[in-house]
Every structure is written in structure tokens, then in C-alpha cells.
Amino acid sequence: MSLPKDAAAVILLRQNTDPSNPEVFWVKRSDKLAFLGGFYAFAGGQIDPTDSEVEVKNAPNPETAMMISGAARELFEELGVLVAHGGELLTKGQRASLLDDLVSGRVSWPALLQHYELHLDANDFAYAGRWVTPPFSPRRFDTWFFLVDCPGKQEPNVTPGELSSGEWITAKNAVARWSNGEVTAVPPTLHALKTLTNGITPDLVDRFLSIPQARGEIVQRIEFRPNYICFPVRTPTRPPATHTNCYLVYTSKEILIFDPGSPYEDEQSALATMVNELKSEGRRVTRIILTHLHSDHVGGVNALRTHLGDEVVVCAHEQTADALTDIKVDQLISDGDLLCLNGEPAITLRALHTPGHARGHLCFHDDERGILLTGDNVVGLGSVLIDPPQGNMIDYLRSLARMRSISDLTVLFGGHGPAMAAPYLKIDEYINHRLEREAKILDAVRAGVTTPADIVSAVYTDVSPKAYEMAERSVIAHLEKLKVDGKI
Ligand SMILES: [Zn+2]
């Protein structure tokens with residue numbers, strides 16, 4: 001589990017915005033970013049070591065000063081908006097050349113401010129909470145959020161690179177777009193937008209800070225998209241992952257629970273508490289569904305069944321049901337089966353049998369929303385192990401191709417790590433990665449390398465020796481495929 005790094009973000013408010021219907025500048029992160037690519041967010045990023053060298057007027061302490069300095073720098077770097085006293089004297093052209101100097105590294109942030117006699121003031125940056133990325137993520141940040149009024153005569157402009165676009169939008173419209181399923185976002189973004197829908201009032205900051213997650217407590221219930229709760233639970237899984245995503249898909253009447261994977265009591269009771277909360281609003285859990293047999297995906301099934309009692313049935317593919325010894329599967333799911341949830345909004349999921357990582361592996365597709373639950377076939381953290389005989393490389397590549405062929409996907413929800421909002425890029429990356437490995441393995445074999453262990457040391461030059469045992473399993477899977485393909 002990685003430790004959170006300091007970061008700062010700016011919720012930029014339009015100058016003279018209507019306090020009852022405020023407008024905010026949000027950005028779309030580039031699809032190509034490994035971390036939260038394709039997500040909607042606010043300008044911001046990691047604190048730079050030089051941020052602490054900047055003096056910030058009226059800052060209560062050095063830590064806050066550093067965070068404000070970082071927030072101001074990120075805002076300038078990403079959107080070209082400079083919130084500094086003295087900055088109002090600069091022309092648009094001067095600002096642009098300053099930005100160019102900063103982004104190209106010709107001048108540091110503290111030197112730039114000093115040279116142009118610009119001063120940051122804490123009163124321009126209203127603290128609006130501090131959010132810590134949950135431990136299921138490959139990258140983690142402890143992010144301070146600041147509400148900032150966009151200075152007059154400055155118009156935010158997305159600097160190409162990390163961001164693909166940005167626009168002013170009323171908080172109400174932004175929340176509506178998320179509710180309509182057009183936007184994928186992390187909890188702090190949504191919380192900010194939802195809080196702003198109630199207007200800019202004297203108690204605005206209090207409302208921002210009213211939930212414990214805005215004061216650094218870890219969020220466990222994550223709704224990247226409406227009606228799909230991602231609930232990471234700690235599991236004995238394969239590093240670098242430490243958690244498995246349990247998903248709860250819900251309507252006004254029903255809840256489906258996918259992969260309650262944790263064998264640990266504290267995690268099981270956290271899940272049970274949240275399930276109780278959803279139930280108390282008039283819903284019923286109808287099914288527990290397993291994407292595949294691995295213990296980090298099924299470790300909490302029996303406990304959850306005991307908690308829920310007779311109302312629930314456990315469902316899985318036949319090949320998963322056959323292989324599980326201490327979990328009773330009540331209902332089989334085959335390729336093409338439809339899972340229909342009653343209530344509002346109606347949700348239908350189609351099961352896809354997608355073997356490769358495991359023989360009975362299932363993915364679930366919500367055609368209406370462009371959502372694909374990918375289990376362990378595609379994950380937001382770490383790599384996918386193809387370990388024969390459960391694992392099969394031919395099947396796996398076929399399954400990836402099938403997932404790739406689904407039209408209008410907008411997001412992938414994997415078994416580990418954050419959601420993936422650039423689905424086709426992600427699947428292509430997976431396919432290409434495997435084909436590149438295969439080509440290198442074939443080269444090694446043709447060059448006379450004969451044992452899987454020797455192939456690993458020749459080909460897996462990018463992985464640590466600790467992972468060699470796993471890599472050897474993958475090599476065997478590749479060799480099996482190459483044999484079937486008639487290449488060796
Ligand atoms: Zn697995």
C-alpha cells in the first residue's frame with residue numbers, strides 16, 4: 001500500500017457568479033493518464049518541494065502556506081489563472097510568457113513570484129476540506145481543496161497535456177451530468193459539486209467540511225457513477241493490490257452484490273453496515289454474484305449470506321460453482337443471461353462468460369449506461385495473472401477481444417483499483433501488452449532458450465525478481481498458446 005503524497009486542488013468559482021446558482025470550472029483529465037484518465041475533476045496536483053519556499057500572507061501555519069502555494073501553482077500551470085497580488089498589473093501576454101517559463105522549467109515557482117513582486121494571500125484561498133485517496137489506488141494523495149474566486153480579466157484555459165478539456169459549468173448542471181451517467185468522478189469532486197448546488201451561503205465552508213471524509217477519513221463507499229457503489233475491502237490479494245472491489249448495484253428496490261471478497265471480520269462488518277443502510281431505505285438484496293473463484297473475490301460470501309439470511313441467493317458460472325468447495329452456489333449464470341433489477345432506475349446487466357484469468361470468469365455489461373464490470377480480466381491496479389490450468393492465454397485474449405468489441409462503453413469497473421474511464425484505450429493496452437510479451441517469448445524460444453525460468457529472465461527484464469514465480473506461470477500460459485498456434 002503506498003503512502004499518500006501531499007497534493008492541492010482548486011475549486012475555481014466564476015467571477016461574480018450567481019450565488020444561488022454558482023458556476024465552477026471543471027476539467028476532464030486526459031484519457032491517456034494512467035491515474036484517473038478520463039475523469040472529471042478540478043485543477044490540482046502534487047505538492048512540489050519548492051512550494052514551501054513561497055511566503056503566503058495571512059497563512060496560519062507553514063503547512064497551510066505550502067498547500068496554498070501548491071494550489072496556486074497548479075492552478076496557474078494547468079489553467080493559466082494566476083491568483084496573486086500584483087498579478088492584476090500583468091498583461092495577458094506577460095502572464096502567458098510567465099506560464100511558459102514556469103512550465104518549461106526555466107524558472108521556479110518561488111523565483112517567478114519574487115521576480116515579478118507577486119504575493120500570495122491565504123485570504124484568497126478558502127480551505128474546503130482534505131481528502132485522502134483510499135488504499136485501493138496505485139497512487140494516493142492527501143489533497144487539500146481550496147475555493148478560489150477567479151480573478152477579473154482572467155479566463156481559464158486548459159494547458160494541453162494532463163488535461164484534455166475544461167469549461168465553466170453550473171454546479172447543478174455538473175451534478176445532473178453525473179446523475180445522467182455522462183461523467184465519471186471521484187467522491188471529493190462530487191461532494192464539492194453537490195455542496196455548491198445549495199449556493200454560496202455564509203455556511204458554505206461548514207457544509208464542505210460537514211462529512212468526516214472531507215476531514216481526512218478514508219472513503220469506503222465510492223460512487224464513480226450513480227447506482228454503482230465500489231466498496232473496496234481489504235483482502236489477502238496479490239501485491240501491489242491490497243484490496244478487492246466489492247460492487248453494489250442498486251435501484252430503489254433491489255441490490256446486487258458482486259464479489260464480497262474479504263475474509264476479515266472488520267471489513268465484513270463494514271460491508272454489512274453499508275448493506276443495512278441501503279436496505280433501511282426500502283431495498284432488498286436479491287443476489288450475491290461471483291465474477292470468479294479466487295479467494296480474494298469470494299472470502300466474504302459465507303459471512304454475508306449469514307448476515308442476510310434467506311433473502312439472498314449466491315450466483316456464479318458453472319465452472320466457478322464446480323471448483324468452489326466451501327461455498328454453496330445456489331444459481332448458475334451462463335453467457336448471455338440477463339440480470340434485471342426492479343425499481344428506479346431499472347437496471348439490466350448481461351452476463352458475459354469471459355474465461356482466461358479463470359475458467360468460469362464472468363463480466364457484466366450494462367448496455368444502457370456503457371458500464372462493464374470486468375472482474376479480474378481488466379483491473380485498475382496491478383497486473384492480471386494468467387496461471388494455468390485455471391488461466392488460459394488463448395481464452396484470455398479472446399475474452400479481451402470480446403470485451404473490446406462491445407460498443408459504447410464509457411467505464412470499466414475492475415476487481416481492483418479505481419474505475420477506468422477510457423475503456424477502449426485500457427483494453428487495447430492489455431491486448432498489446434500480451435502480444436508484445438508473446439513476441440518476445442517467441443524470439444527467446446527461437447534463440448534457443450528452453451526453460452520457462454530462463455525465458456522469464458530473458459524476457460521479463462522489467463519486473464522485479466520477486467515476481468519471477470508469477471511471471472513463470474504467465475510464460476507457461478504463453479507457451480501453451482504458441483504451441484496451439486503452431487508457432488513452436
Ligand atoms: Zn482473480
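Reader: What makes the contact between Asp 366 and Arg 369 a salt bridge?

Author: This is a predicted model, to begin with. In it, the side chains of Asp 366 and Arg 369 meet with N and O 3.0 Å apart. The cut-off for a salt bridge is 4 Å, between a side-chain nitrogen of Lys or Arg and a carboxyl oxygen of Asp or Glu. The pair therefore qualifies.

Reader: Are those two residues buried or exposed?

Author: Both Asp 366 and Arg 369 are buried. Elsewhere, Asp 51, Arg 73, Glu 74 and Glu 77 are joined into one network by salt bridges that share partners.

Reader: How many salt bridges does the whole structure hold?

Author: The search finds 28. One of them links Arg 106 to Asp 101, at 3.0 Å from N to O.

Reader: Why is Arg 106 called exposed?

Author: Its relative accessible area is 56%. Exposed means over 50%, so the word fits Arg 106.

Reader: And why does Asp 101 count as partly exposed?

Author: Asp 101 has 23% relative accessibility. Buried means under 20% and exposed means over 50%. Asp 101 falls in between, so it is partly exposed.

Reader: What separates Glu 223 from Arg 221 in accessibility?

Author: Glu 223 has a relative accessible area of 14%. That is under 20%, so Glu 223 is buried. Arg 221 stands at 33% and is partly exposed. The two form a salt bridge, with their closest N and O atoms 3.1 Å apart.

Reader: Why are α12 and α14 called roughly perpendicular?

Author: Helix α12 (residues 423-446) and helix α14 (residues 468-484) pack at an angle of about 80 degrees. The range for roughly perpendicular is 65 to 115 degrees. The angle lies in that range, so the term applies. Their axes are 10 Å apart.

Reader: Which residues of α12 and α14 meet?

Author: From α12 come Arg 434, Arg 437, Glu 438, Ile 441, Leu 442 and Val 445. From α14 come Ser 474, Val 475, His 478, Leu 479, Lys 481 and Leu 482. By class, this contact has 6 nonpolar, 2 polar and 4 charged residues.

Reader: What makes β10 and β16 edge strands?

Author: Each pairs on one side only. The open sheet has 7 strands, in the order β10-β11-β12-β13-β14-β15-β16, and its pairing is mixed. The edge strand β10 covers 222-225, and the edge strand β16 covers 331-332.

Reader: How do you know that β12 and β13 pair?

Author: Strand β12 (residues 243-250) is joined to strand β13 (residues 254-258) by 4 bridges. Pairing needs at least two, so these strands pair. They run antiparallel. As an example, Val 249 has Leu 256 in β13 as its bridge partner.

Reader: Which helix lies across β11, β12, β13 and β14?

Author: That is α7 (residues 265-280). The angle between α7 and β11 (228-234) is about 160 degrees. Roughly antiparallel means over 145 degrees, so the two directions earn that term.

Reader: Why is Ile 333 called buried?

Author: Its relative accessible area is 2%. The limit for buried is under 20%, so Ile 333 meets it. Ile 333 lies in the loop between β16 and β17 (338-341).

Reader: What does Ile 333 touch?

Author: Setting aside residues up to four places away in sequence, its contacts include Ile 289, Cys 315, Ala 316, Leu 339 and Phe 364. Glu 318 is another of them. In sequence, Glu 318 and Ile 333 are 15 residues apart; in space, their C-alpha atoms are 7.0 Å apart.

Reader: Where is the peptide bond cis, with omega near 5 degrees?

Author: From Pro 239 to Pro 240. Pro 240 sits in the loop between β11 and β12. Another cis peptide bond joins Pro 388 and Pro 389, with omega about 5 degrees. Pro 389 is in the loop between β20 (371-375) and α11 (393-405).

Reader: What is notable about the phi of Glu 117?

Author: Phi is positive, about 50 degrees, although Glu 117 is not a glycine. Glu 117 is in the loop between α3 (109-115) and β6 (120-121). At 61% relative accessibility, against a limit of over 50%, Glu 117 is exposed.

Reader: Why does Asp 408 count as exposed?

Author: Its relative accessibility is 59%. That is over 50%, so Asp 408 counts as exposed. Asp 408 lies in the loop between α11 and β21 (411-414). Its phi is positive too, near 60 degrees.

Note on methods:
Residues numbered from 1 in each chain as written. Predicted model: local features only at pLDDT ≥ 70, side-chain atom pairs only at ≥ 80, totals over all residues. Heavy atoms only, no water. Axes fitted to C-alpha atoms, helices over the stretch in contact; angles between N-to-C directions. Parallel < 35°, antiparallel > 145°, perpendicular 65-115°, else oblique. Contact = heavy atoms within 4.5 Å. Nonpolar A, V, L, I, M, F, W, Y, C, P; charged D, E, K, R; others polar. Buried < 20%, exposed > 50% of the residue type's maximum accessible area, 1.4 Å probe, protein only.
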